[in-house]
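Student: I have a chain in front of me and want to read it carefully. Can we go through it question by question?

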Amino acid sequence: MQYVGWFFILVGATFSLLAGLGIYRMPDVLNQSQAGTKASTLGILALLVGFSLLNPQASPKLILMALFFLFSSPIASHAICKAALRRNKANFILDSNPLLKEGEVND
């Protein structure tokens, strides 16, 4: 059972890393919100499943944490996107992207 728990922790850490990379790489607020919400939700849930398999006594608390995250993450993402649309910042793109080479245009 420990190997399955560590597998879920590895999957969760990978998705959390990909969520951070998606937030960094996406060009505007709406794409960043989508990339961060989807991948981080899966990452956090996989981490919580892995921790609950490694420590069964903490499972009720971890289930409550997972439920809270499942309910609050989409609501927070929706609120951020709605605020960006209201303030006309939905297509806000940074002028300087550190990943672009000098002279390239951010389309």
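Student: Is Phe8 buried, partly exposed or exposed?
Tutor: This is a predicted model, so the answer rests on computed coordinates. The relative accessible area of Phe8 is 29%. Buried means under 20% and exposed means over 50%. Because 29% falls in between, Phe8 is partly exposed.

Student: How many aromatic pairs does the count come to?
Tutor: Ring centres must lie within 6.5 Å to pair. By that rule the count comes to 1 aromatic pair.

Student: Is the pair of Phe7 and Phe8 stacked or edge-to-face?
Tutor: The two ring centres of Phe7 and Phe8 are 6.1 Å apart, and the planes make an angle of 70°. An angle over 60 degrees counts as edge-to-face. So Phe7 and Phe8 are edge-to-face.

Student: What pattern does the chain follow along the sequence?
Tutor: The chain has 3 helices and 0 strands. Read along the sequence, the pattern is α-α-α.

Student: What share of the contacts with a separation of 6 or more comes from residues 24 or more positions apart?
Tutor: Contact here means heavy atoms within 4.5 Å. Among contacts with a separation of 6 or more, the share from residues 24 or more positions apart is 71%.

Student: Which residue is 52 residues from Gln2 in sequence and 5.9 Å away in space?
Tutor: Start with Gln2 itself, which lies in helix 1, residues 2-25. Gln2 counts as exposed because its relative accessibility is 57%, over the 50% cut-off. The 5.9 Å is a C-alpha to C-alpha distance, and the partner is Leu54.

Student: Is Ser52 buried or exposed?
Tutor: Ser52 lies in helix 2, residues 29-54. Its relative accessibility is 18%. The cut-off for buried is under 20%, so Ser52 is buried.

Student: Which backbone oxygen lies 2.8 Å from a polar atom of the Ser52 side chain?
Tutor: A polar contact needs N or O atoms within 3.5 Å. The 2.8 Å separation is within that limit, so it fits the distance rule. The backbone oxygen belongs to Val49.

Student: Which residues does Ser52 contact, leaving aside neighbours within four places in sequence?
Tutor: Do not confuse contact with C-alpha distance. Ser52 and Phe8 are 44 residues apart in sequence, with C-alpha atoms 10.0 Å apart. Once the neighbours within four places are set aside, the contacts of Ser52 are Ser59 and Leu62.

Student: Which residues does Ala35 touch beyond four places in sequence?
Tutor: Ala35 lies in helix 2. Ala35 is buried because its relative accessible area is 12%, under the 20% cut-off. Not counting residues up to four places away, Ala35 touches Ala19, Gly22, Ile23 and Met26.

Student: What is the C-alpha to C-alpha distance between Lys61 and Leu48?
Tutor: Lys61 sits in helix 3. Lys61 is exposed, with a relative accessible area of 62%. Along the sequence, Lys61 and Leu48 are 13 residues apart. In space, their C-alpha atoms are separated by 9.8 Å.

Student: What accessible area do Ile63, Leu64, Leu67, Leu70 and Phe71 have together?
Tutor: Ile63 lies in helix 3, residues 59-86. Ile63, Leu64, Leu67, Leu70 and Phe71 form a nonpolar patch on the surface. Together their accessible area is about 520 Å².

Student: What share of the accessible surface of the chain belongs to carbon and sulfur atoms?
Tutor: Buried residues make up 25% of the 107 residues. The accessible surface of the chain comes to about 7900 Å². The share of that surface from carbon and sulfur atoms is 68%.

Note on methods:
Residues numbered from 1 in each chain as written. Predicted model: local features only at pLDDT ≥ 70, side-chain atom pairs only at ≥ 80, totals over all residues. Heavy atoms only, no water. Helix = DSSP H or I, 4+ residues; strand = E, 2+ residues; numbered from the N terminus. Buried < 20%, exposed > 50% of the residue type's maximum accessible area, 1.4 Å probe, protein only. Areas by Shrake-Rupley, 256 points an atom, 1.4 Å probe, with all protein chains shown as cover. Phe/Tyr/Trp six-rings, centres within 6.5 Å; stacked < 30°, edge-to-face > 60°. Patch = residues over 30% accessible without salt bridge, like charges linked within 9 Å, V, L, I, M, F, W, Y side chains within 5 Å. Salt bridge = Lys/Arg side-chain N within 4 Å of Asp/Glu carboxyl O. Polar contact = N/O pair within 3.5 Å; in protein donor to acceptor, adjacent residues only side chain to side chain.
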